Amino acid sequence: MEPHGPRESPGGPWEGSSLPGAWPSSALGQAFSQILHQFAGQESRRGKARNAALEDLAALLEAKECDRLFEGSDASLRGMPEMLGQVVKALEKYAAPAEEPEGRGDRHSEVAEKAAAVAFLFLKLLRKVEAAKNSLVCPAWKTSLRPLAGPIYVFAVTHSLEQPWTSQRSQEVAGQVLALLLQVTDCGSVAGFLHGENEDEKGRFSAIMGFLKPDLNKDSWKNNPATKYVFSWTLQKVTRPWLSQHLERILPPSLLISDDYQTENKILGVHCLHHIVLNVPAADLLQYNRAQVVYHALFSHLHTREHLLIQAVLLCLLDLFPVLEKALHWKGDGARPTTHCDEVLQLILTHMEPEHRLLLRRTYARTLPAFVKRLGILTVRHLKRLERVIIGYLEVYDGPEEEARLKILETLKLLLQYAWPRVSCRLVVLLKALLKLICDVARDSSLTPECVKSALLEEATDCLILLDHCSSGRVKGLLAKILHSCEDSQVGSCIRRVQQLSEGAPCDAT
């Protein structure tokens with residue numbers, strides 16, 4: 001790696017290198033400028049030229065003269081931090097993965113090799129900064145580190161995460177770079193590095209977003225496949241109350257990524273939007289109609305059939321509803337206006353009725369209880385369609401875990417609690433569906449675990465108890481006739497439990 005390393009010769013310690021011979025301190029800038037020119041020039045496209053530039057830079061960082069790089073008192077070194085910043089940016093760009101044509105990953109190993117080589121250079125540079133930090137002679141190390149921290153951080157995150165362009169070796173050395181960067185900056189965590197370890201410290205999140213900005217517009221964000229992951233990973237590290245001041249920088253890229261045609265990018269963008277919704281005050285999201293923009297971006301994804309995307313969108317919407325509803329004012333002199341939650345639930349139920357794919361059925365069923373809780377008594381607006389969905393989903397076996405049917409039973413329990421005045425007219429339909437479910441589970445000889453069967457029977461029995469109280473005891477009377485002719489012990493046990501526990505268990509109306 002270092003064929004041009006220090007060696008003594010009559011012409012000076014660096015004779016024979018492609019760099020200047022013996023450097024006075026004022027020649028450091030010229031040496032770094034020459035290396036920067038090697039990376040920027042046409043010859044840098046050739047592998048040999050780039051390797052020579054890396055070797056020259058490694059030799060330069062080993063030189064004694066570089067020990068004075070971070071001295072603020074020497075006038076001859078004025079402007080060196082900016083020069084080093086340009087060199088570090090060039091190295092980060094050199095090691096960055098390029099956009100790959102579909103089906104081609106042959107260049108990933110080359111990127112990992114470049115990253116490992118650049119990581120060693122960054123480790124040397126950071127050790128110089130650490131030495132200056134520990135020296136009383138170099139008080140200006142913080143100022144000198146400022147232009148270096150952003151590109152080095154982006155490089156470290158790009159190559160320390162498991163990605164197609166990383167190898168075990170490149171991940172290890174990139175992780176070392178990140179750890180040393182945190183150590184040099186006296187930060188105990190990445191979050192502290194980004195937002196500051198205390199109230200007086202500004203943090204570096206804004207600078208890093210500024211560094212990423214040119215690569216996060218609609219024309220450039222796909223040129224480097226790592227950019228979206230660096231942005232998302234960095235965003236997730238900054239929480240309340242620090243995130244709101246950066247809203248103008250983080251919202252547009254999140255919307256841009258979520259609006260892509262690739263499902264993977266859509267999900268990544270939705271996760272970014274969800275983090276923003278959770279960590280930015282409602283007042284800031286409502287300003288300039290930002291919350292509405294986010295809502296419409298999320299709502300458009302509900303027409304897809306990708307279950308992972310649907311799940312991410314629904315979870316984000318459930319946290320966005322309270323923000324949107326702060327802008328609604330009901331004066332109590334008429335019917336409550338329909339909300340965004342009503343609009344989404346209506347669309348979900350429309351999709352749930354004919355849906356036959358198990359993964360999507362489970363995804364929809366998983367979030368249905370949260371929508372009923374959110375709307376409360378206003379769920380009666382959707383009662384007819386909810387009834388059809390509940391009955392339809394209770395009839396279909398959902399696999400060994402029975403996740404969809406368990407969530408539908410949870411939804412029915414909530415519905416009986418919130419909308420009990422409207423339940424009595426649907427008594428017969430719901431009673432038949434629940435008894436059919438209990439009989440099917442009792443006779444089930446499939447691979448469904450016993451604990452899952454027990455959970456289904458328990459939930460169905462709880463629904464029968466609630467249904468009995470919502471109908472003033474009519475269920476208990478109807479079940480008494482069935483009990484005499486029931487031959488299955490599990491079914492009989494459920495019916496007896498309804499008759500025993502329905503005494504004095506009031507319907508928890510809300």
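This report walks through the fold of one chain, from its overall make-up down to a few helices, ring pairs and loop residues.

**The chain as a whole**

Please keep in mind as you read that this is a predicted model. The chain's secondary structure consists of 22 helices and zero strands. Of its 510 residues, 51% are buried. Among contacts with a separation of 6 or more, 71% are between residues 24 or more positions apart. About 24300 Å² of the chain is exposed, and carbon and sulfur atoms supply 52% of that area.

If you are thinking about cysteines, the structure holds zero disulfides. Two cysteines can be placed by their accessibility. Cys 272 has a relative accessibility of 0%, so it counts as buried. Cys 470 is buried as well, with a relative accessible area of 8%.

**Helices H20 and H22**

Two helices towards the end of the numbering can be checked for length, and the table sets out the result.

| Helix | Residues | Expected span | Distance between end C-alpha atoms |
|---|---|---|---|
| H20 | 450-470 (21 residues) | 30 Å | 30 Å |
| H22 | 489-501 (13 residues) | 18 Å | 18 Å |

The expected span uses 1.5 Å a residue, and for H20 the distance between the ends agrees with it. The end-to-end distance of H22 agrees with its expected span too.

How many of the 21 residues of H20 are buried? The count is 15, so H20 is largely enclosed by the rest of the structure. Beyond this helix comes Ser 472, which has a positive phi near 60 degrees.

H22 has a clear sidedness. Its buried residues are Val 491, Gly 492, Cys 494, Ile 495 and Val 498. Looking down the axis of H22, you would find the buried residues within an arc of 160 degrees, so they line one face of the helix. The background is simple: an α-helix has 3.6 residues a turn, so residues three or four places apart point the same way. On the face of H22 turned away from the buried side sit the exposed residues Ser 489 and Gln 500. What, then, covers the buried residues of H22? The cover includes helix H19 (427-443), H20 and helix H21 (474-485).

**Aromatic pairs**

The structure has five aromatic pairs. One of them joins Phe 122 and Phe 155 in an edge-to-face arrangement, with 5.1 Å from centre to centre and 85 degrees between the planes. This pair links distant parts of the chain, since Phe 122 belongs to helix H4 (residues 108-133) and Phe 155 to helix H5 (residues 141-160), 33 residues apart. Both Phe 122 and Phe 155 are buried.

Trp 165 and Tyr 229 make another pair. Their ring centres are 6.2 Å apart and their planes lie at 45 degrees, so this pair is tilted. Trp 165 is in the loop between H5 and helix H6 (168-184), while Tyr 229 is in helix H9 (residues 227-237), so the pair ties together parts that are 64 residues apart in sequence. Trp 165 is buried, and Tyr 229 is buried too.

**Around Leu 278 and Pro 241**

Leu 278 is part of helix H11 (residues 263-279). Is Leu 278 buried or partly exposed? Its relative accessible area is 42%, so Leu 278 is partly exposed. Setting aside neighbours within four places in sequence, Leu 278 is in contact with Arg 240 and Asp 319. The C-alpha atom of Leu 278 is 8.4 Å from that of Thr 239, although the two residues are 39 residues apart along the chain.

Arg 240 has a feature of its own: a cis peptide bond joins it to Pro 241, with omega about 0 degrees. Pro 241 sits in the loop between H9 and helix H10 (247-258).

**Loop residues with positive phi**

Two loop residues that are not glycine have a positive phi. For Asp 186, phi is near 60 degrees, and this residue is in the loop between H6 and helix H7 (190-195). For Asn 289, phi is also near 60 degrees. Asn 289 is found in the loop between helix H12 (282-286) and helix H13 (290-299). With 48% relative accessibility, Asn 289 counts as partly exposed.

Technical notes
Residues are numbered from 1 along each chain as its sequence is written. This is a predicted model: local features need pLDDT of at least 70, side-chain atom pairs count only at pLDDT 80 or more; totals for chains, interfaces and linings use all residues. Side-chain values use heavy atoms; hydrogens and water are left out. Helices (H or I, at least four residues) and strands (E, at least two) are DSSP runs, numbered from the N terminus. The expected span of a helix is 1.5 Å times one less than its number of residues. Buried means under 20% relative accessible area, exposed over 50%, partly exposed in between (1.4 Å probe, protein chains only). The arc is that of the directions from the helix axis to the C-beta atoms. Contact means heavy atoms within 4.5 Å. A disulfide is a pair of cysteine sulfur atoms within 2.5 Å. Accessible areas come from the Shrake-Rupley method with a 1.4 Å probe; for residues, only the protein chains shown count as cover. Rings of Phe, Tyr and Trp (its six-membered ring) pair if their centres lie within 6.5 Å; planes under 30 degrees apart count as stacked, over 60 as edge-to-face and the rest as tilted.
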